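Colleague: Could you take me through this model and show me how the terms you use are justified? I would like to see the reasoning behind each label.

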Amino acid sequence: YGVGLSTDRMDNVFRKYLSSTKRDSNDQIGGFGLGSKSPFAYTDNFYITTVYDNVQYDYTALIDESGLGAIISLNEQPVLAVNGTEIIIPLNDSKDIHKFAQEIRFQLGYFDNIRYINIPGIQQTTVYHGDNFAVSNVEGGYSKVHLLIGKVPYPITADLDMRYINS
């Protein structure tokens with residue numbers, strides 16, 4: 001789960017393109033206000049449930065007539081729960097779960113605060129940090145050398161290694 005979103009943060013950060021709370025940090029991915037809209041690359045609608053200060057807010061995100069998408073408030077209710085945000089992306093095809101699992105393993109393998117729910121084949125991640133390296137227990141996806149910037153892995157190919165190391 002992500003952090004809980006107040007209505008102000010939903011309206012002024014999550015809903016807006018190019019708005020972010022991460023621009024001044026290299027410890028988090030993002031910074032351009034696009035991540036919250038990334039499910040639109042896969043589907044025309046998804047769901048957001050967020051709890052902030054004991055209030056649960058439910059939203060639906062959908063591609064509207066503008067083509068840019070909209071996030072519409074569905075419900076607001078008091079709850080006794082910790083702050084957090086859940087994004088639900090309905091699958092278009094049951095076969096897509098395997099591709100999602102593969103990409104999640106690779107993209108989030110160095111994040112130690114991710115909870116995987118109903119994603120087969122993914123175990124909780126353990127990350128070991130040294131002075132100049134990090135190792136993750138994620139299986140698959142990390143069989144090759146990669147550069148880690150923040151917590152995001154970037155594959156390094158052999159031709160890239162030699163071309164830039166020798167210059």
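Modeller: Happily; we can go from the whole chain to the sheet and then to single residues. Please keep in mind that this is a predicted model.

Colleague: What makes up the secondary structure of the protein chain?

Modeller: There are 3 helices and 8 strands. Starting at the N terminus, their order is α-β-β-β-β-α-β-β-β-β-α. Of the 167 residues, 27% count as buried, and buried here means under 20% relative accessible area. The accessible surface comes to about 11300 Å², with 54% of that belonging to carbon and sulfur atoms.

Colleague: Which strands make up the open sheet, and in what order?

Modeller: The order is β3-β2-β1-β4, and the pairing is antiparallel. β3 (70-78) and β4 (84-88) are called edge strands because each has a single partner strand, so one side of each is left without a neighbour in the sheet. From one strand to the next, the twist averages 15 degrees.

Colleague: How do you know that β2 and β3 pair?

Modeller: Two strands count as paired if there are at least two bridges between them. Strand β2 (residues 55-62) and β3 share 8 bridges in the antiparallel sense, so the pairing criterion of at least two is met. Within this part of the sheet, A61 stands opposite I71 in β3.

Colleague: Which strands does helix α1 lie across?

Modeller: Helix α1 (residues 7-14) lies across β1 (45-52), β2, β3 and β4. Relative to β2, helix α1 runs at about 25 degrees.

Colleague: Why are Y47, I72, L74 and I88 called a nonpolar patch?

Modeller: The label applies because nonpolar side chains, Leu, Ile and Tyr among them, are joined within 5 Å when their residues have over 30% relative accessible area. Y47, I72, L74 and I88 form such a patch on the surface, with about 350 Å² of accessible area together. One of them, L74, is in strand β3.

Colleague: What is notable about phi in D53 and N54?

Modeller: Most residues other than glycine have a negative phi. D53 has a positive value, near 50 degrees, and N54 has a positive phi of about 65 degrees although it is not a glycine. D53 is in the loop between β1 and β2, and N54 is in the loop between β1 and β2 too.

Colleague: Why is D53 called exposed, and why is N54 called partly exposed?

Modeller: Exposed means over 50% relative accessible area, and partly exposed covers values between 20% and 50%. D53 has 52%, so D53 is exposed. N54 is at 38%, so N54 counts as partly exposed.

Methods. Residues numbered from 1 in each chain as written. Predicted model: local features only at pLDDT ≥ 70, side-chain atom pairs only at ≥ 80, totals over all residues. Heavy atoms only, no water. Helix = DSSP H or I, 4+ residues; strand = E, 2+ residues; numbered from the N terminus. Axes fitted to C-alpha atoms, helices over the stretch in contact; angles between N-to-C directions. Contact = heavy atoms within 4.5 Å. Patch = residues over 30% accessible without salt bridge, like charges linked within 9 Å, V, L, I, M, F, W, Y side chains within 5 Å. Areas by Shrake-Rupley, 256 points an atom, 1.4 Å probe, with all protein chains shown as cover. Salt bridge = Lys/Arg side-chain N within 4 Å of Asp/Glu carboxyl O. Buried < 20%, exposed > 50% of the residue type's maximum accessible area, 1.4 Å probe, protein only.
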